[in-house]
Amino acid sequence: MLSGEAISPPPAWMMRQAGRYLPEYRETRAQAGSFLDLCYNPAFATEVTLQPIRRFGFEASILFSDILVVPHALGQGVRFVEGEGPQLDAMAGRAEFDRLREAEDPTIFSHLAPVFEAVSSIRAALPHETTLLGFCGAPWTVASYMIGGRGTPDLAPARALAGADPELVESLIDRLVQVQTEYLIRQFQAGADAVQIFESHAGVLPEGGDSLARWSLLPIARMIQGVRKHVPDAKIIVFCRGSGLDGHMRVVPETGASAVGVDWSVDLAALRARLPETTVTQGNLHPETLIEGGVALDAEVDGILEATRGLPHIFNLGHGITPQTPIVHVEQMLARLRRK
């Protein structure tokens, strides 16, 4: 599929498919202790990655981890607070940046070794025909968490620092490009079949000039080029949430990605009409429609299938599945998809 062929019905997986909407995940999470303990324990990470495959038979699994294990490996304090989400020791200026580990520090990848062990364990446990996806956050998205100390709706701290000291933010982006390029290479070497780069915060970039290119697409392109020096045929999906129709059109030609993830706000038919027929798209189903279920869910599934008929598309959500999603609605979605 990631080579550009159309398959009917299209293969399916869901962003955040191993998560709190599943009772078996909640049980494993309780056994693990903290969220980071879950991420860094290969046995637990393997188990929760496999849970949605056992239950739903998705065509792809995605490594259970988090984009913030990278700043954690760089030496930044990272905590996950129940009911509040991730909290980091904010990088307010150059003093905090100077305390981060250099990209060449071997401690970074010894810290991340359990992630690679989990990738190998998952690949060994998966059915041969099930794709294993690795992932990381895009540099701008990860940097925004590192600067602000948490996710904020408008990323005001990251935007402010980019305006006040763009060289510092570019240095942070460069550090992340170097480290995360190697991080993805090692995921491929451990057994990942493909990877996804999550640019979750493309919709809130610093103002001025071509901010999408400067802060998002160019750093991602550097990562993809770096990965392919070591893994020449690497299949890489880029999800550039909030970048609009024009931004989604730019992802593949400007980064070299194998596929573009499409968020729920984009008109998929309009996007497909403006993309080359061989471009692989992924996603677009609104997570709230999955919560709603019923006629609305059937209609949206049908609309995505119609917009991508005869074209290469991976069925997915336009963002992550939410904890309140009924399992029966996931079953409904897959039944509707697979009857076509």
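**Exercise 1. In this predicted model, find which residues of helix 8 are buried.**

Solution. Start by walking along helix 8 and marking the buried positions: P139, W140, T141, V142, A143, S144, Y145, M146 and I147. Next, set that list against the whole element: helix 8 spans residues 139-148, and 9 of its 10 residues are buried. Helix 8 is therefore largely enclosed by the rest of the structure. Finally, look just past the end of helix 8, where G149 has a positive phi of about 85 degrees.

**Exercise 2. Work out the strand order of the open sheet and name its edge strands.**

Solution. Trace the 7 strands across the sheet, and you should read 1-4-5-6-7-8-9, with parallel pairing. Now check the edges: strand 1 (60-62) and strand 9 (313-314) each pair on one side only. For a closer look at one pairing, take strand 5 (residues 194-199) and strand 6 (residues 236-240), which are joined in the parallel sense by 5 bridges. Within this pair, E199 has C240 in strand 6 as its bridge partner. To finish, see what packs on the sheet here: helix 12 (residues 244-255) touches strand 6 and strand 7 (259-262), and its direction makes about 155 degrees with that of strand 7.

**Exercise 3. Describe how helix 10 sits against the sheet and against helix 11.**

Solution. Take the sheet side to begin with: helix 10 (residues 166-190) lies across strand 4 (131-137) and strand 5, and runs at about 170 degrees to strand 4. Then turn to helix 11 (residues 211-230): the two helices pack at an angle of about 35 degrees, their axes 9 Å apart. The crossing of helix 10 and helix 11 is right-handed. Now list some of the residues that meet: helix 10 brings, among others, V169, I173, V177 and L184, while helix 11 brings residues including W215, M223 and V227. Sorting the residues of this contact by type gives 11 nonpolar, 4 polar and 4 charged.

**Exercise 4. Decide whether Q180 is buried or exposed, and find which residues Q180 touches.**

Solution. Locate Q180 in helix 10. Its relative accessibility is 0%, so Q180 counts as buried; the cut-off for buried is under 20%. Leaving aside residues up to four places away in sequence, Q180 touches V70, C136, G137, A138, P139, V142 and M223. Two of these names should look familiar: P139 and V142 are among the buried residues of helix 8. M223 is another one to recognise, as it belongs to the helix 11 side of the contact with helix 10.

Technical notes
Residues are numbered from 1 along each chain as its sequence is written. This is a predicted model: local features need pLDDT of at least 70, side-chain atom pairs count only at pLDDT 80 or more; totals for chains, interfaces and linings use all residues. Side-chain values use heavy atoms; hydrogens and water are left out. Buried means under 20% relative accessible area, exposed over 50%, partly exposed in between (1.4 Å probe, protein chains only). Helices (H or I, at least four residues) and strands (E, at least two) are DSSP runs, numbered from the N terminus. Two strands pair if DSSP finds at least two bridges between them. Contact means heavy atoms within 4.5 Å. Axes are lines fitted to C-alpha atoms, for helices over the stretch in contact, and angles run from 0 to 180 degrees between N-to-C directions. A crossing is left-handed if the near helix is turned anticlockwise from the far one by less than a right angle, and right-handed if clockwise. Ala, Val, Leu, Ile, Met, Phe, Trp, Tyr, Cys and Pro count as nonpolar, Asp, Glu, Lys and Arg as charged, and the others, Gly among them, as polar.
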